[in-house]
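Let us walk through the salt bridges of this model. Start with the terms, then go pair by pair.

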Amino acid sequence: MGAFAGYARVSTEDQSLDLQRDALREAGCQRVFEDVSSGARTARPGLDEALAWLREGDTLVVWKLDRAGRSLPHLVRMVADLGARGVGFKSLTDPIDTTTAGGRLQFHVFAAFAQFERDTISERTRAGLAAARARGREGGRRPVVTADVLAGAEKLMAAGLTVREAAARLRIGKSALYDALKGSSDVRQT
């Protein structure tokens, strides 16, 4: 049997890690890695260190599922990666322990829900974009170079300014202006 490594996280400095530390040590964790960071942040050095420390046969233990993953899809990926390395995952307050058959089943149910959630969001997004296109609206950012801005740029360039100089004067990016001028034979090089 491998080692137990604990991971504890709180979102702000005002919160205490004591409850999680105590529970993880009581569960037999030889090492407890910690972060004080919002769950939405991608940079979590304590979690990264814990993941690097774990070896085949070890188990990563958390007090609660939301302490480990930024989101359900992130948690599913992390646990799948651990499983591929032969590392288990256990949550003390949730019925997840991938070192047991029942825990693996429970985790796969969570994974199925995560996939369902991703698929549903994708379907809704595609449907919303199609509905907007049917009403004549295109997605994405509005163009920086409008017809008026383009006309102003062409006047400036006709007066002798380069594309770069005209773009700077109009406070727009030179690349955006070049894109708007594509096909025009009046484009002056910088």
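Accessibility comes in three classes: buried is under 20% relative accessible area, exposed is over 50%, and partly exposed lies in between (1.4 Å probe, protein chains only). The model is predicted: local features need pLDDT of at least 70, side-chain atom pairs count only at pLDDT 80 or more, and totals for chains, interfaces and linings use all residues. Residues are numbered from 1 along each chain as its sequence is written, and side-chain values use heavy atoms, with hydrogens and water left out.

A salt bridge here is a side-chain nitrogen of Lys or Arg within 4 Å of a carboxyl oxygen of Asp or Glu. The count under this rule is five.

Take R31 and E49. Their closest N and O atoms are 3.5 Å apart. This salt bridge links distant parts of the chain: R31 sits in strand β2 (residues 31-36), E49 in helix α2 (residues 45-53), and 18 residues separate them. Helices (H or I, at least four residues) and strands (E, at least two) are DSSP runs, numbered from the N terminus. R31 is partly exposed, at 33% relative accessible area. E49 is partly exposed too, at 44%.

Next, R67 and D66. This salt bridge has its closest N and O atoms 3.1 Å apart. R67 is buried, at 14%, whereas D66 is partly exposed, at 38%.

Then comes D179 with K182. The closest N and O atoms of this salt bridge are 3.5 Å apart. D179 is partly exposed, at 48%. K182 is exposed, with 63% relative accessible area. Elsewhere, salt bridges with shared partners join D18, R21 and E34 into one network.
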